[in-house]
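Q: I am new to this structure. Please pick one part, look at it closely, and then follow the chain onward from there.

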Amino acid sequence: MLPEWLELSLLVLVGFLSGGVNAVAGGGSLLVFPALLGTGLSPLAANVTNAVAQGPGFIGAALGQRRDLVRNGGRLLPTSIAAVLGSVGGCALLLILPGSVFDAVVPALVGLSAVLMAFQNRIRSWLGNPDQHGPDRTVLLTAGILLASVYGGYFGGARSVILVVVLVLTANAELRILNAAKNWLSLLGSAVTLVIYALLAPVDWAAVLSLIPSTLLGGYLGGKVARRLPPMVLRWSVVVIAAAVAIYLAVD
């Protein structure tokens with residue numbers, strides 16, 4: 001175990017880096033998760049602490065694209081309801097099922113997050129450019145957001161990547177507009193998990209207090225610095241770390 005002051009310093013640094021990574025490539029929570037494990041938290045406690053700490057960071061992203069968000073029109077209401085209900089369901093699964101189930105499943109979830117991060121651009125190219133004038137596949141869109149939000153409520157890593165894939169596959173609009181919807185749905189899901197976990201889950205509040213300000217600062221300042229680097233470098237750094245964590249958890 002590291003000295004307490006060194007653990008907190010590590011969390012502040014990783015929180016700052018995750019904010020910058022989220023601003024450019026997404027997946028910053030996958031940097032914080034192994035750092036929390038390194039402080040001695042169990043996978044379950046690290047997951048809920050990470051979810052609570054990362055939640056406020058989506059506020060800036062949603063506000064920054066509020067004009068594009070309005071252009072989503074009628075798809076916002078059903079997807080927002082699906083995001084809230086799915087997130088509640090995911091949180092319920094996490095709290096009801098034994099911790100041993102989460103310990104067994106989390107390596108696969110982290111591995112899935114790494115795969116999605118690695119191939120997110122290729123997935124988008126496979127899906128093609130949405131037909132901006134065609135109708136949404138409303139049933140598939142709502143069901144997809146519901147399932148993605150269940151995943152996000154249970155394990156939040158790479159939730160935003162899954163959400164944008166569902167949106168691009170089933171909704172017809174410019175990617176910029178769908179990205180605004182993704183940020184909004186991520187914010188809703190994070191708000192739900194934040195409230196439920198804060199009340200009922202084993203959150204490490206000292207870690208949260210270290211992470212929230214550093215993550216917000218990293219999103220503002222770290223994002224500007226990170227934009228000077230190729231987004232591919234940042235994304236693949238997250239992929240490698242996530243893959244290593246998945247392997248470590250699987251063999252531990």
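A: What follows starts with the whole chain, turns to a group of aromatic rings, and then moves along the helices beside that group.

This is a predicted model. The protein has 12 helices and 0 strands. Read along the sequence, the pattern is α-α-α-α-α-α-α-α-α-α-α-α. Of the 252 residues, 50% are buried. Among contacts between residues at least 6 apart in sequence, 82% join residues at least 24 apart.

Now the close look. The structure holds 2 aromatic pairs. A pair of aromatic rings is described by the distance of the centres and the angle of the planes. Take phenylalanine 33 and phenylalanine 155 to begin with. Their ring centres are 5.6 Å apart and their planes stand at 85°, so this pair is edge-to-face. Planes over 60 degrees apart count that way. Phenylalanine 33 lies in helix α2, and phenylalanine 155 lies in the loop between α8 and α9. The pair therefore ties together parts that are 122 residues apart in sequence. Phenylalanine 33 has 2% relative accessibility, so this residue counts as buried. Phenylalanine 155 is buried too, with a relative accessible area of 2%.

The other pair is tyrosine 151 with phenylalanine 155. Here the ring centres are 6.4 Å apart and the planes are at 85°, so this pair is edge-to-face as well. Tyrosine 151 is buried, as is phenylalanine 155. Phe33, Tyr151 and Phe155 form one aromatic cluster.

Consider where Phe33 sits. Helix α2 covers residues 29-38. In this helix 8 of the 10 residues are buried, so α2 is largely enclosed by the rest of the structure. Phe33 is one of the buried residues of α2, alongside Ser29, Leu30, Leu31, Val32, Ala35, Leu36 and Leu37. After α2 comes glycine 40, whose phi is positive, near 100°.

Next, the helices on either side of the loop that holds Phe155. Two packed helices are described by the angle between their axes and the distance between the axes. Helix α8 spans residues 138-154, and helix α9 spans residues 159-170. Their axes come within 9 Å and cross at roughly 175°. That makes α8 roughly antiparallel to α9. On the α8 side, the contact uses Leu140, Leu141, Gly144, Ile145, Ala148, Ser149, Tyr151, Gly152 and Gly153. On the α9 side are Arg159, Ile162, Leu163, Val166, Leu167 and Thr170. By class, this contact has 9 nonpolar, 5 polar and 1 charged residues. Tyr151 thus has two roles here: a member of the aromatic cluster, and a member of the contact with α9.

The last step goes from α9 to helix α10, residues 175-200. These axes also come within 9 Å, but cross at roughly 135°. The two helices are therefore oblique to each other. The crossing of α9 past α10 is right-handed. From α9, the residues that meet α10 are Arg159, Ser160, Leu163, Val164, Leu167 and Val168. From α10 come Leu175, Leu178, Asn179, Ala181, Lys182, Leu185, Ser186, Gly189, Ser190 and Thr193. This contact counts 8 nonpolar, 6 polar and 2 charged residues. Arg159, Leu163 and Leu167 appear in the contact with α8, and in the contact with α10.

Conventions
Residues numbered from 1 in each chain as written. Predicted model: local features only at pLDDT ≥ 70, side-chain atom pairs only at ≥ 80, totals over all residues. Heavy atoms only, no water. Axes fitted to C-alpha atoms, helices over the stretch in contact; angles between N-to-C directions. Helix = DSSP H or I, 4+ residues; strand = E, 2+ residues; numbered from the N terminus. Parallel < 35°, antiparallel > 145°, perpendicular 65-115°, else oblique. Contact = heavy atoms within 4.5 Å. Nonpolar A, V, L, I, M, F, W, Y, C, P; charged D, E, K, R; others polar. Buried < 20%, exposed > 50% of the residue type's maximum accessible area, 1.4 Å probe, protein only. Left-handed = near helix turned anticlockwise from the far one by under 90°. Phe/Tyr/Trp six-rings, centres within 6.5 Å; stacked < 30°, edge-to-face > 60°.
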